[in-house]
Amino acid sequence: MYNPQAGQSMGYGQPPGGQNYGPPPVSGHSMGYQQQQQSMNQYGTPFSGKPAMGQPPPSKAPMGGYNAGPPPPTGQPMHGQQNQNGPYTNSGGPSSQGQQYYGQQQQQRVPTSIPNQRLPQAQYGVPPASSQPSRGPAPSQLPTQMSELSISGQPPLPTGQQQMRGPPPPSNTSQAPNAYAGYSTNQPYSQGAVPSSNAPGHWAATSQHQSMGPPPTNMGPQPTSMGQAPASMAPPSMAGPPSSMSGPPSMGPPPSGGAYMGTQQVGPPSGHMGQPGMSGPPSSGPPMAGGVTPGYGYQQTGAGMVGPGSTPPSPGMGGGMPAGAAMSMGSAGMAASHAGMMQQPQTQAPQRRLDPDQMPSPIQVIEDDRRTHGNQPFTTNQRGQVPPLVTTDFRVVDQGNCSPRFVRATVYNIPCTQDMLKQSQVPLGLVITPFAEVKPNESSPPVVDNGANGPIRCNRCKAYMCPYMQFIDGGRRFQCNFCNCITEVPPEFFQHLDHMGRRLDYYDRPELSLGSYEFVATTDYCKNNKLPNPPAFIFMIDVTYNSVKNGMVPLLCHQLHNLLERLPKETDQEESSIRVGFVTYDKTLHFYNLNGALAQPQMLVVSDINDVFMPLLDGFLVKLSEAKLVIDSLLEQIPVMFRDTRETETMLGPVIEAGLAALKAADCAGKIFIFHSSLPIAEAPGRLKNRDDRKLLGSDKEKLVLQPQTTYYSKVAQNCVAAGCSVDMFLFPNAYLDLATIGQVCTITGGQCFKYNYFTAASDGERFLFDLTRDIERPIAFDAIMRVRTSTGIRPTSFHGNLYMSNTTDVELASIDCDKAIDVEIKHDDKLQEESGAFIQIALLYTTIRGQRRLRIHNLSLNCCNQMADMFRSCEMDSILNLIAKQSLDQVIHATPKAIREVIINQCATILTCYRKNCASPSSPGQLILPECMKLLPLYSNSLIKSDALSGGSDITTDDRSWLMQSVNAMDVASSHVYFYPRLLPLHNLDLEATNLPVSTRCTVDKLQEDGVYLLENGISMYIWIGLHVNPDWVQNVFSVQSPAQIDIDSGKLLQLDNPTSIRVRGIVEQVRKERQRYMKLTFVRQRDTLEPWFKHFLCEDKGFNGGASYVDYLCHMHKEIRNMLN
Ligand SMILES: [Zn+2]
């Protein structure tokens, strides 16, 4: 496309060649380039000099991140709020006292406009804010968007919440009150304003804390501290008693047990309480009485709970009426309707615990962002522009920075100094999905072919020509924005500048105007200076007894023929260039000669598995069109040949080595697909022992089963990487496979593992075929090397993902497909300048599916700041979660689970404390103030801590745990977001006319109604929970039976019924599946059935299986930690 003219006038200085194009860097992995400067080294990274001023794109900092929404009421939270009604008000008044507010729904409404000062904090024992005040920037400084939310009183986002359920959201402010009311139940309360008088109520809340105390139960650390917390919170004056009593019933006892036990379970929390952390006086609250499962007792619709302690109107908070008491009563049997509950108003009792509805809601954040950015173009012409959330549907228009689909930063405004960043503890890094699929209405990076001269690069740092390079001297030279070095423009690339100093061909050359583009690479970028051959796919099939008997072999062979039609090809190709080959194995290897001239495939057996060699050179790898009949014949014969096998032992090491040998013999890169069923125990290289002991999971010794038992597989994997051989495994285990060990082959080679436990062709065949199809046809690049360059002052340090590194700078990827993300941590080398900003260029040298060598370039420019507030305003929470998750998983085999949790908790608290100190205006320490862009940090970090990937205990198998860890390690931001905060969609009240997905619901059992049906998905699996009191018509329409009890729970499939409800429900399931990378298995869960506890463990706002804290508890704990840090 963009052919440069090739003129060679030597006019301007030196001809390319020499250093610019230096020697082929390339060659491959093994060559590890010597980084740094070497001119030769194309990949070298040099940082020297100062950043050029390059013309950074508009310097305007984008204001606020996504929150575009109406900033919470006033700009400056705390203070400002006083006037507002509802939620906001609180801050003023009561809130000061602290968190207590959460709990109480009622409080909010208090429209009081009490100035903070008024707060009698003292009374409550809460340390007066005074100490810290000075710190914060003056309110004025606070950008509007920063709406920090003071949770205490007001949940920040009015808007959002309401939308979900309750009252119409109108303008926020005014309605604020309602907003919070959100949940119908609360409404009554909310409205009424319990004025300042409520204060007392707060107390109650306080008490809650106590109960909460133990929140983070399993989180080891806190226990101690917890104890104290309460104290501080507790208003001295308050009658002690109340508080204790008030213990929110629900909260109090971590009824974890109860929760899972099924709603029915009422009684006191089951023994589970034991959790370590629980120092909390269990006493505090009567254990949840009503079997309210979930933590927060009241709302439970489902459980038939009663409303909030509604019943007995306890005297406002004051009395400290034991809210608990109230609760328990309520719970007891009142199956009050929401409405009912609501009524009890204000007078009522108050606050027993935090009202979950008032805590920052991811649903609201997602919906707000959709409202602001949904279906809009996102134009990348500004430096440091924070993109829409991954959950928003938007269209990217590349105008100089790469699409956020390719690269997302955790922070779009980098602190100028290392100290600032360190103080904040906000992780600085990138999540790169270099081959992410673009939307149909967006364009893919265009390809630039500079012919034999190759791409233009900076002489010193070897950065590639990009929009930030600044042309000077009439266009004869350009200054590098990464290293500041000035390089002569090669004559064939010369162009005059316009009056703005911009090249006249600015819009004609992608490398001058776009954030993402590709260059055709010359032989200098190829191994041995030789253009590569097209890649190959090798299918290696385990034909031992288990694989044949479970139906995998017959199914695969029957379908593979069709799947091969889906081999990836470029748009102008009629047939894919990818060649294919087949191997079957048990304790020996069977290669097949598919030479098109043969009438029948020929089998060649290799039984010397200690030194695998390639038995045939010609005829093993063939193009589909050249050997169609022979391939068909082979696929028909394999199931027959091994139908009666008695071989139960299998091997794996020699299989991988054979695939590698075959690719090497063909001198091409490629991927091997291994279909395997059991632990490789046959006498052969890579033989493994069964060392499984799932009881260790979750304990300090878990690393014993989560780290590889031998280095054999990682060594083989490294050899694979050097040859551009990537490995994907499809596993069909009935028992332990030791994924921690064999999975390394996939993670190191840029591959992936797919796993189907207890596979049967009937129930899992569809899923397996879907995954395999996608794996075969998805966009992919081979034999790649990625280098991340940054402008002076920062540098990439560590990398996470399915990759290999033999030196500190080159990321080696035997392959990388559109679904894989790589995280890069960035550190300071020096001080940054606000004016110049910071630049990042990601260059990926790779081989296309057609065998062309190319360079894919992604550029991103970021802002730099001297004010913490600026950084906090431009954080990308979902990317931060992705990076923290991968950093934490890396530690699993080095540290204890407790230590890992502590690090996360501490990081979260430090970040929030830093914000509080530097950005929030003076306020009472009793208030919890969160930065708008990171208000979900507590929720998400808690979800991460409780996730099966990080904390899966003996409830899951060792292999499942390893598999999850490996899966998360390669996730992009959209995948990690839904994995850590699953999507819960109500299906019982659908708008049958609509075509989009219904608005999701918060992940808590409190939101499950007994007359509801919900779809839950986390990108890996999918569940439909069916309440026992669902409308019979709905059940009839979807399941063709009269009541939930009659539904065939084990079917895993929705019936194809011809009525609007059935069609709509199936449409939703299909749409959700389409959005994810894997085919999610669907499981039905009927309320109170045995699977319910498992289903509920995905409801990450509730307490976890193993004692993990609920959102409410965690937030309280976080608040306490922050207060401790402030003090
Ligand atoms: Zn440079």
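## The E27–E28 hairpin

Leu 1015 has Ile 1024 in E28 as its bridge partner. This is a predicted model, and the pairing of these two residues is a good place to start reading it. E27 and E28 run antiparallel to each other, and five bridges join them. Together they make a hairpin with three residues between the strands. One residue in that turn, Gly 1019, has a positive phi of about 90°.

E28 itself, covering residues 1021-1026, is worth a closer look. Six of its six residues are buried, so the strand is largely enclosed by the rest of the structure. Both of its faces are covered. On one side sit the buried residues Ser 1021, Tyr 1023 and Trp 1025, and on the other Met 1022, Ile 1024 and Ile 1026, likewise buried. Ile 1024, the partner of Leu 1015, therefore counts among the residues under 20% relative accessible area.

## The sheet around it

Step back a little and the hairpin becomes part of an open sheet of four strands, ordered E26-E27-E28-E29, with mixed pairing. At its edges are strand E26 (983-986) and strand E29 (1081-1086), each of which pairs on one side only. From one strand to the next, the twist averages 20°.

On the E29 side, E28 pairs in the parallel sense, over six bridges. Two of the facing pairs can be picked out by eye: Ser 1021 stands opposite Lys 1081, and Trp 1025 has Val 1085 as its bridge partner. Helix H35 (residues 1060-1074) lies across E26, strand E27 (1013-1017), E28 and E29, and runs at about 155° to E28.

## Arg 1086 in strand E29

Arg 1086 belongs to strand E29. With a relative accessibility of 14%, this arginine counts as buried, because the cut-off is 20%. Its C-alpha atom is separated by 6.4 Å from that of Gly 1027, although the two residues are 59 residues apart along the chain.

Not counting residues up to four places away in sequence, Arg 1086 touches Ile 1026, Leu 1028, Pro 1044, Ala 1045, Gln 1046, Ile 1047, Ile 1049 and Glu 1092. Ile 1047 also offers a polar partner: its backbone oxygen lies 3.2 Å from a polar atom of the Arg 1086 side chain.

## Two buried serines and helix H32

Now to some helices. Ser 888 is found in helix H28 (residues 877-891) and, at 6% relative accessibility, counts as buried. Leaving aside neighbours within four places in sequence, Ser 888 is in contact with Ile 900, Ile 904, Leu 944 and Leu 950. Leu 944 comes up again with Ser 947, whose side chain reaches the backbone oxygen of Leu 944 at 2.7 Å. Ser 947 lies in the loop between helix H30 (937-946) and helix H31 (948-951). Ser 947 is buried too, at 8% relative accessibility, and beyond its neighbours within four places in sequence it is in contact with Gly 952, Tyr 979 and Phe 980.

Helix H32 (residues 958-969) has twelve residues and reaches 17 Å from its first C-alpha to its last, close to the 16 Å expected at 1.5 Å a residue. Eleven of the twelve are buried, so H32 is largely enclosed by the rest of the structure. Among the buried residues are Asp 959, Arg 961, Trp 963 and Met 965.

## Two residues with positive phi

Most residues other than glycine have a negative phi. Against that background, two loop residues deserve a glance. Asn 529 has a positive phi of about 55° although it is not a glycine, and Asp 738 has one of about 60°, again without being a glycine.

How do their surroundings look? Asn 529 lies in the loop between strand E11 (516-520) and strand E12 (536-542) and counts as partly exposed at 42% relative accessibility. Asp 738 has its place in the loop between strand E17 (725-731) and helix H24 (739-742), and at 0% relative accessibility it counts as buried.

## An annotated domain

UniProt, in an unreviewed entry, places the feature "domain: Zinc finger Sec23/Sec24-type" at residues 455-493. In the model, the end C-alpha atoms of this span lie 10 Å apart. The span is 0% helix and 23% strand.

How values were computed:
Residues numbered from 1 in each chain as written. Predicted model: local features only at pLDDT ≥ 70, side-chain atom pairs only at ≥ 80, totals over all residues. Heavy atoms only, no water. Buried < 20%, exposed > 50% of the residue type's maximum accessible area, 1.4 Å probe, protein only. Polar contact = N/O pair within 3.5 Å; in protein donor to acceptor, adjacent residues only side chain to side chain. Contact = heavy atoms within 4.5 Å. Expected span 1.5 Å × (residues − 1). UniProt positions renumbered as here; feature names shortened; annotations may be inferred. Pairing = 2+ DSSP bridges. Axes fitted to C-alpha atoms, helices over the stretch in contact; angles between N-to-C directions.
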